[in-house]
Number of protein chains: 2
Amino acid sequence: MENVTIRMLAERLQLSTATISKALSNSHEISEETKQRVLALAAELNYVPNPYASSLRKKSSHTIAVVIPEVADSFFAEAINGIESVAQDKGYHVLIYLTHESFMKEQAILKDFQSGRVDGVLISVTTETTAAAHGLAQLAKEIPLVFFDRVCEEVTAARITTDDTIAAYNATSHLIAGGCRHIGLLSASRQLSISNRRAEGFQQALAAHQLPLTAASVLHCSNDPVATQQVLQTALQQHHYDGLIATTEKLATAVYQACEALSLNIPGDIQVIGFSNLSTARFLHPSLTTVSQPAFDMGKAAATLLFRALKSSSFPLNEQQQVIPSSLIVRNSTKAH
Amino acid sequence: MENVTIRMLAERLQLSTATISKALSNSHEISEETKQRVLALAAELNYVPNPYASSLRKKSSHTIAVVIPEVADSFFAEAINGIESVAQDKGYHVLIYLTHESFMKEQAILKDFQSGRVDGVLISVTTETTAAAHGLAQLAKEIPLVFFDRVCEEVTAARITTDDTIAAYNATSHLIAGGCRHIGLLSASRQLSISNRRAEGFQQALAAHQLPLTAASVLHCSNDPVATQQVLQTALQQHHYDGLIATTEKLATAVYQACEALSLNIPGDIQVIGFSNLSTARFLHPSLTTVSQPAFDMGKAAATLLFRALKSSSFPLNEQQQVIPSSLIVRNSTKAH
DNA sequence: CTGAAAGCGCTAACAG
DNA sequence: CTGTTAGCGCTTTCAG
């Protein structure tokens, strides 16, 4: 069976395609009666509009893109739910693109967006993404774009972030209050702004408590889990950390693995805090003290901003910035209360 | 700056749009020299083809849809990675649709696919999906469709599943070997075929060991976590289970929560097995014995099948069935070895 | 209130 | 090897 088109409806009803089109979009120029006839036949023949024809003509696709490094991560999964909740509401489609932390892939994806495939973009950049000479700044000028969580600070565009500096400061202070003196910060990236913000908060807290910042204080980990495990175990053996802050979810579980391998007791030998939205955090052994990010709300806020821009082109999207607070959830991997 | 089109390239090079189009698609009818000139100018002007124009004309979009209940679930997240890995390889785009276990939403999404928006569909149905009078059978005739994990058995279409019956049989036997005599199976759905397969395996194992199947043996849980927790705690108090099999990831953590609330010791008072791909399973307290599904491979297999059908229309897609084995990973939430 | 006509950007015969 | 022509299905002036 061929696909039903507007023209078939027009022929059957002895009307023009223009009239059908208008009737289907509920235009006020069309009489109630005609609308009813059109809608009835459309339903009967199971008419489904061709989105490509419509997009081509209207130069808008009712589709937004979400570009993230990884989907197997509680933060991003929850953020997607937040985004979806508002997209569904507005009748928009959501295209999800995974960069797997590859800058190359990210670039290729962004380039594709110049085609007009999507009406707007929500993005959380890769750990490799540098500001320089990147299509991002360009793209942000061409179509509505909102950064969430992992922003590119050098690019002028809307941003939804959490209070990374403060969160790291508080996490560090919490460890210090619990008696830690040799704290390590596990960082996932050297260029990522949120990594740097977290490192800043960490350093500020150390300074505020007259604790030294050494070469071992900040430990840079890669995206490769095997390499990370290696680095981690080596570091744990060389430097006798009594506290560790894992700045990503994957790093948090990596710490548990390393401690298990080295028979280090948490929190006896070493206290641990993870930036994580793991729903199982409270059931871990020991339960994990976390910096919990408002993932769903961040996704929702980012999408909301984007749709405001999509609705009214005069909305100053690029000036929008929102910081949504995270919270420190104290559990048994740390000693302070 | 306006978007660069094929016509602009044509004018600049004094060629026809047809020639440009063919040159860009590397047609053999075009001379090497012309191709070079076209490619050079395209690169210079940063030409990006309009996918909607192309899709409209070719009636294919180089896009596939993935329809799943939920993304914040290790199984589906990993499956997406598997799907993505082959889609990226083939240069296809992946649209992800979340049903949130709602049959209504699923129907609306599937209907949209009749528009030709996507070239093929990979789907794992909702817990509410019933076979009857559903758009699925219809859709499977119109465009290539592959079920993965949660199949609709009544619909003739390709399927990638895991060995649910056997997995449940083995899980149950494992509990019995560990001394359990009053085992409960936590089911997420009454109609879902994989739930029924798992229940079958469970019952077979009970029968094989001369254990009775009672009204309390199979416990049906809803999608609402609060209601589920309620049901679970009530059941745990009324019936003195000594073993529990959670057939979904969410149910597995719900069990930990309920046991904590009721101060039930795992595995002392009650042994637990979860169907789950949680990466944190080994770090839980106690570490969780799991039936681990080959999520990534299932996604990959489903996508591979789909692309074979997309490549050659003579490929008998609907006859394809693959069962990829899961594995029982024994940890400390159960006693047998 | 309805219709005629033009065209979004690209591709696929078919000629030459 | 290159060009002409037509049209995918829909929306949008502009006329009537």
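Which backbone atom lies 3.3 Å from a phosphate oxygen of DNA strand C? A backbone N or O atom of Asn50(B) does. The model is predicted, and local features need pLDDT of at least 70, side-chain atom pairs count only at pLDDT 80 or more, and totals for chains, interfaces and linings use all residues. Residues are numbered from 1 along each chain as its sequence is written, chains are lettered from A and ligands numbered from 1 in the order in which they are written, and side-chain values use heavy atoms, with hydrogens and water left out.

**Exercise 1. Describe the surface near DNA strand C.**

Step 1. Find the nearest residues. A residue is near a strand if one of its heavy atoms lies within 4 Å of it. Of the 26 residues around DNA strand C, Lys22(A), Lys59(A), Ile6(B), Tyr47(B) and Arg57(B) come nearest. Of the strand C atoms within 4 Å of the protein, 64% are from sugar and phosphate.

Step 2. List phosphate contacts. A polar contact is a pair of N or O atoms within 3.5 Å; within protein, one must be able to donate a hydrogen and the other to accept it, and residues adjacent in sequence count only if both atoms are side-chain atoms. Besides Asn50(B), a polar side-chain atom of Tyr47(B) is 2.6 Å from a phosphate oxygen of DNA strand C, and one of Thr34(A) is 2.8 Å from a phosphate oxygen of this strand.

Step 3. Assign elements. H2 and H4 of chain A, together with H2 and H4 of chain B, give two or more residues to the surface near DNA strand C. Helices (H or I, at least four residues) and strands (E, at least two) are DSSP runs, numbered from the N terminus.

Step 4. Sort by class. This surface has nine nonpolar, ten polar and seven charged residues. Ala, Val, Leu, Ile, Met, Phe, Trp, Tyr, Cys and Pro count as nonpolar, Asp, Glu, Lys and Arg as charged, and the others, Gly among them, as polar.

**Exercise 2. Describe the surroundings of DNA strand D.**

Step 1. Around DNA strand D there are 26 residues, of which Ile6(A), Tyr47(A), Arg57(A), Lys22(B) and Lys59(B) come nearest.

Step 2. Phosphate oxygens of DNA strand D lie 2.7 Å from a side-chain N or O atom of Lys59(B), 2.8 Å from a polar side-chain atom of Thr19(B) and 2.9 Å from a polar backbone atom of Ser16(B).

**Exercise 3. Characterise the interface of chain A and chain B.**

Step 1. Count contacts (heavy atoms within 4.5 Å). Chain A uses 46 residues and chain B 45.

Step 2. State the area. About 4400 Å² is buried between the chains, 57% of it on carbon and sulfur atoms. Buried area is the accessible area (1.4 Å probe) that two parts lose on being put together, summed over both.

Step 3. Find salt bridges (a side-chain nitrogen of Lys or Arg within 4 Å of a carboxyl oxygen of Asp or Glu). There are two across the interface, including Arg282(A) with Glu260(B) at 2.9 Å, N to O.

**Exercise 4. Relate the two copies.**

Step 1. Superpose by least squares on the C-alpha atoms of residues with pLDDT of at least 70 in both. A rotation of 180 degrees with 0.0 Å of shift along its axis places chain A on chain B (RMSD 0.1 Å). The copies are therefore related as by a two-fold rotation axis. In chain A, Leu284(A) has the C-alpha nearest the axis, 2.0 Å from it.

Step 2. Compare the surfaces. Because 98% of the interface residues of chain A are also interface residues in chain B, the copies meet through the same surface.
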